[in-house]
Amino acid sequence: MPSQTLQAHGFLLYPNPRNLHRIVFEHHVFVPYPYAIIDIPAMDLVGKTSVYAACRETDRKMGQVVTFELLEDVARFEKRFTP
C-alpha cells in the first residue's frame, strides 16, 4: 500500500486529490491557513503547480504548501493570494 504522506522541503505533505500534477516541485510557498481555498486557475500562473495540506516539521504548524515549477510563479502567487 502506498504512503499517504510525503516529506519534502521540511514539511509533512498530504496530497490533494484535485492536483493536476502530482509532483513536489522545487519552488514552494507555505500558506499558514489550513482551510483557505487556493484557486490555482484564477492565479493565471505560467508553469505547473501542486497544492498539499502540510505540517511544518520545525514547529508542527498546519497549513498548505503550494509548489511551483517556475520561480516567476512564486512571486505571482504571493502577489495575488489573499486568505
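Contact here means heavy atoms within 4.5 Å. The structure is a predicted model, in which local features need pLDDT of at least 70, side-chain atom pairs count only at pLDDT 80 or more, and totals for chains, interfaces and linings use all residues. Residues are numbered from 1 along each chain as its sequence is written, and side-chain values use heavy atoms, with hydrogens and water left out.

**Exercise 1. Determine which residues phenylalanine 81 and phenylalanine 68 touch beyond their sequence neighbours.**

Step 1. Set aside neighbours within four places in sequence; phenylalanine 81 is then in contact with Val31, Tyr33, Ala36, Ile37, Ile38 and Met43.

Step 2. Phenylalanine 68 lies in strand E5; helices (H or I, at least four residues) and strands (E, at least two) are DSSP runs, numbered from the N terminus.

Step 3. Not counting residues up to four places away in sequence, phenylalanine 68 touches Phe25, Glu26, His27, His28, Val29, Leu45, Lys48, Thr49, Asp73, Val74 and Phe77.

Step 4. Phenylalanine 68 has a relative accessible area of 0% and is therefore buried. Buried means under 20% relative accessible area, exposed over 50%, and partly exposed in between (1.4 Å probe, protein chains only).

**Exercise 2. Describe which residues of helix H1 are buried and how they are arranged.**

Step 1. Helix H1 covers residues 71-80, and its buried residues are Asp73, Val74 and Phe77.

Step 2. Viewed down the axis of H1, these buried residues fall within an arc of 110°, so they line one face of the helix. The arc is that of the directions from the helix axis to the C-beta atoms.

Step 3. An α-helix has 3.6 residues a turn, so residues three or four places apart point the same way.

Step 4. The buried residues of H1 pack against strand E3 (27-31) and strand E5 (62-68), while Leu71 and Lys79 are exposed on the other side of H1.

**Exercise 3. Identify the nonpolar cores and the elements that contribute to the largest one.**

Step 1. A nonpolar core is a set of buried Ala, Val, Leu, Ile, Met, Phe, Trp, Tyr and Cys residues joined through side-chain atoms within 4.5 Å.

Step 2. The largest such core has 13 residues, and Val31, Ile38, Val66, Phe68, Phe77 and Phe81 have the most contacts inside it. E3, E5 and H1 are the elements that give two or more residues to this core.

Step 3. Another core, of seven residues, lies apart from the largest one and includes Ala8, Leu13, Phe30 and Val65.

Step 4. In soluble globular proteins, nonpolar side chains tend to be buried together.

**Exercise 4. Count the aromatic pairs and characterise the stacked pairs of phenylalanine 11 with phenylalanine 30 and of phenylalanine 77 with phenylalanine 81.**

Step 1. Rings of Phe, Tyr and Trp (its six-membered ring) pair if their centres lie within 6.5 Å; planes under 30 degrees apart count as stacked, over 60 as edge-to-face and the rest as tilted. By this rule there are three aromatic pairs.

Step 2. Phenylalanine 11 and phenylalanine 30 are stacked, at 5.2 Å centre to centre with 20° between the planes. This pair links distant parts of the chain, 19 residues apart, with phenylalanine 11 in strand E2 (residues 11-15) and phenylalanine 30 in strand E3. Both phenylalanine 11 and phenylalanine 30 are buried.

Step 3. Phenylalanine 77 and phenylalanine 81 are also stacked, at 5.3 Å centre to centre with 15° between the planes, and both phenylalanine 77 and phenylalanine 81 are buried.

Step 4. Phe68, Phe77 and Phe81 form one aromatic cluster.

**Exercise 5. Locate histidine 9, aspartate 44 and lysine 61, and classify their exposure.**

Step 1. Histidine 9 is placed in the loop between strand E1 (6-8) and E2. Although histidine 9 is not a glycine, it has a positive phi of about 55°. Its relative accessibility is 35%, so histidine 9 counts as partly exposed.

Step 2. Aspartate 44 lies in the loop between E3 and E4 and has a positive phi of about 55°, although it is not a glycine. With 53% relative accessibility, aspartate 44 counts as exposed.

Step 3. Lysine 61 is found in the loop between E4 and E5, and at 37% relative accessibility it counts as partly exposed. Apart from neighbours within four places in sequence, lysine 61 is in contact with Phe30, Pro32, Ala54, Cys55 and Arg56.
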